[in-house]
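New to this one? Take a quick look at the sequence and the fold first, and then we'll walk through the strands together.

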Amino acid sequence: MKKIGLIGGLSWVSTAEYYRLLNEITQKMLGGVSSPHLILESVNREAYVQNVNIRKDEAAASEMILAAAQSVEAGGAEFIVICCNDVHRFVPEIEPLIGIPFLHIAQATGGAIRKAGLSRVALLGVRKTMEGTFYQNVLSEFGIETMVPDAAERDYVDGTIMEEMVKGRFTPETRQGYIELMKKLNGEGAEGIILGCTEIPLLIKPDDIDLPTFSTTDLHCQAAVEMALAD
């Protein structure tokens with residue numbers, strides 16, 4: 001089994017979910033009490049947030065992720081999994097500087113959406129995921145059109161992630177708010193919803209709404225184990 005390099009800490013809540021899922025999927029695929037071969041570099045989220053949100057210094061944030069990637073590569077990782085959606089915006093500039101590939105979360109997600117036969121989906125996540133182009137560009141390669149909520153709705157989604165979910169808070173009120181938003185997006189033409197922040201699947205479960213949802217965390221972990229086991 002190839003050694004997986006995890007970049008975590010963005011947040012610790014979803015990083016813990018990655019570790020759980022990677023182990024559960026590996027055990028299901030290999031049997032017994034099998035577990036994945038991996039190494040984790042957990043960055044300081046506070047330092048990352050200070051760079052991105054306070055200093056508005058994307059270069060410094062990118063340097064943090066590059067250093068983490070170099071660390072897991074030095075530790076023997078054969079490919080890299082970033083346990084966060086929006087940090088994938090740095091992959092194009094970082095990947096040429098290291099010797100191992102990234103498993104891109106949007107690639108795993110796009111493959112699942114195409115397999116489901118959908119062509120227009122809504123994307124929920126932090127502001128930089130919803131308002132950036134890195135996700136939409138990858139999904140367009142799969143023939144998928146991406147919708148995002150309006151400005152006020154983006155404020156709501158980003159705010160609940162930053163103030164609640166990354167701190168491990170998942171409330172019934174926020175769950176209902178997301179369900180109502182997803183129904184509205186469905187009415188506006190979204191055939192499915194991408195849970196494009198690795199904390200959102202801890203809030204919203206498939207049975208919460210009669211609409212296809214795509215947990216980027218689950219899809220990323222499944223793809224990681226398959227990549228680790230591939231010849």
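Here is a short tour of the strands and what lies against them.

This is a predicted model, where local features need pLDDT of at least 70, side-chain atom pairs count only at pLDDT 80 or more, and totals for chains, interfaces and linings use all residues. Residues are numbered from 1 along each chain as its sequence is written, and side-chain values use heavy atoms, leaving out hydrogens and water.

**The open sheet**
- Three strands, in the order E2-E1-E3, make an open sheet with parallel pairing; strands are DSSP runs of E with at least two residues, helices are runs of H or I with at least four, and both are numbered from the N terminus.
- At the edges sit E2 (38-42) and E3 (79-82), each pairing on one side only; two strands pair if DSSP finds at least two bridges between them.
- Neighbouring strands here are turned by 25° against each other on average, direction ignored.
- E1 (residues 4-8) joins E3 over 4 bridges in the parallel sense, and Ile 4 stands opposite Phe 79 in E3.

**The helix across it**
- Helix H11 (residues 216-229) lies across E1 and E3, running at about 170° to E3; angles run from 0 to 180 degrees between N-to-C directions, with axes fitted to C-alpha atoms, for helices over the stretch in contact, and contact means heavy atoms within 4.5 Å.

**Around strand E6**
- E6 (residues 192-195) runs parallel to E4 (residues 120-124), joined by 4 bridges, and Ala 122 has Ile 193 as its bridge partner in E6.
- E6 also pairs in the parallel sense with E7 (residues 213-215) over 3 bridges, where Thr 213 is the bridge partner of Ile 193.
- Both faces of E6 are covered, with Gly 192 and Ile 194 buried on one side and Ile 193 and Leu 195 buried on the other; buried means under 20% relative accessible area, exposed over 50%, and partly exposed in between (1.4 Å probe, protein chains only).
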